[in-house]
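Here's a quick tour of how two helices and the loop joining them fit together. Have the viewer open and follow along.

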Amino acid sequence: MTLPELVAVAGARWAVEDCFAEAKNETGLDHYQVRRYRAWYRHVTLSMLDNGLLAVTARSARPSPGPPEPAPACGNDSGEPAKKGT
């Protein structure tokens with residue numbers, strides 16, 4: 001592997017850890033008491049599905065940004081061409 005690939009993988013790790021920490025807090029990912037793998041798998045799957053649903057709902061509740069305002073030309077706000085020597 002090249003160094004940029006290793007850096008990208010290491011950077012992605014933090015996003016995954018943040019996702020799991022959020023799921024533990026918001027959807028009870030760490031609140032299970034099961035004895036069988038199938039029950040644990042169902043609990044984890046539903047918790048992560050709930051976390052995804054919450055993320056999508058939170059994103060859709062935020063207002064979308066409006067169109068960007070055009071930047072003034074050369075700092076002249078009057079709309080007239082700049083005069084030479086001023």
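What follows goes through the helix pair, then one residue at its contact, then the loop.

**The helix pair**

Keep in mind that this is a predicted model. Start with α2, which covers residues 37-61. This helix has 25 residues and spans 36 Å from its first C-alpha to its last, close to the 36 Å you'd expect at 1.5 Å a residue.

Its partner is α1, made up of residues 3-27. The two axes come within 10 Å of each other and cross at roughly 95°. Angles from 65 to 115 degrees count as roughly perpendicular, so that's the label α1 and α2 get.

Who's actually touching whom? From α1, the contact takes in C19, F20, E22, A23, E26 and T27, and across from them α2 brings S47, M48, D50, N51 and L54. Sorted by type, the residues of this contact come out as 5 nonpolar, 3 polar and 3 charged.

On the α2 side, the buried residues are V44, S47 and N51. These buried residues pack against α1.

**Zooming in on N51**

Is N51 buried or exposed? With a relative accessibility of 5%, N51 falls under the 20% cut-off, so it counts as buried. N51 sits in α2, and once you skip residues up to four places away in sequence, it touches C19, E22, A23 and T27. Those four also show up in the list of α1 residues that meet α2.

**The loop and Y32**

Between α1 and α2 there's a loop, and Y32 lies in it. Y32 has 36% relative accessibility, so it counts as partly exposed. Setting aside neighbours within four places in sequence, Y32 is in contact with W40 and H43.

**Two C-alpha pairs to check**

One pair involves N51 and the other involves Y32; here's how they look in sequence and in space.

| Pair | Apart in sequence | C-alpha to C-alpha |
|---|---|---|
| N51 and K24 | 27 residues | 9.2 Å |
| Y32 and V44 | 12 residues | 8.8 Å |

V44 in that second pair is one of the buried residues of α2, while its partner Y32 is partly exposed.

Methods:
Residues numbered from 1 in each chain as written. Predicted model: local features only at pLDDT ≥ 70, side-chain atom pairs only at ≥ 80, totals over all residues. Heavy atoms only, no water. Helix = DSSP H or I, 4+ residues; strand = E, 2+ residues; numbered from the N terminus. Buried < 20%, exposed > 50% of the residue type's maximum accessible area, 1.4 Å probe, protein only. Contact = heavy atoms within 4.5 Å. Axes fitted to C-alpha atoms, helices over the stretch in contact; angles between N-to-C directions. Parallel < 35°, antiparallel > 145°, perpendicular 65-115°, else oblique. Nonpolar A, V, L, I, M, F, W, Y, C, P; charged D, E, K, R; others polar. Expected span 1.5 Å × (residues − 1).
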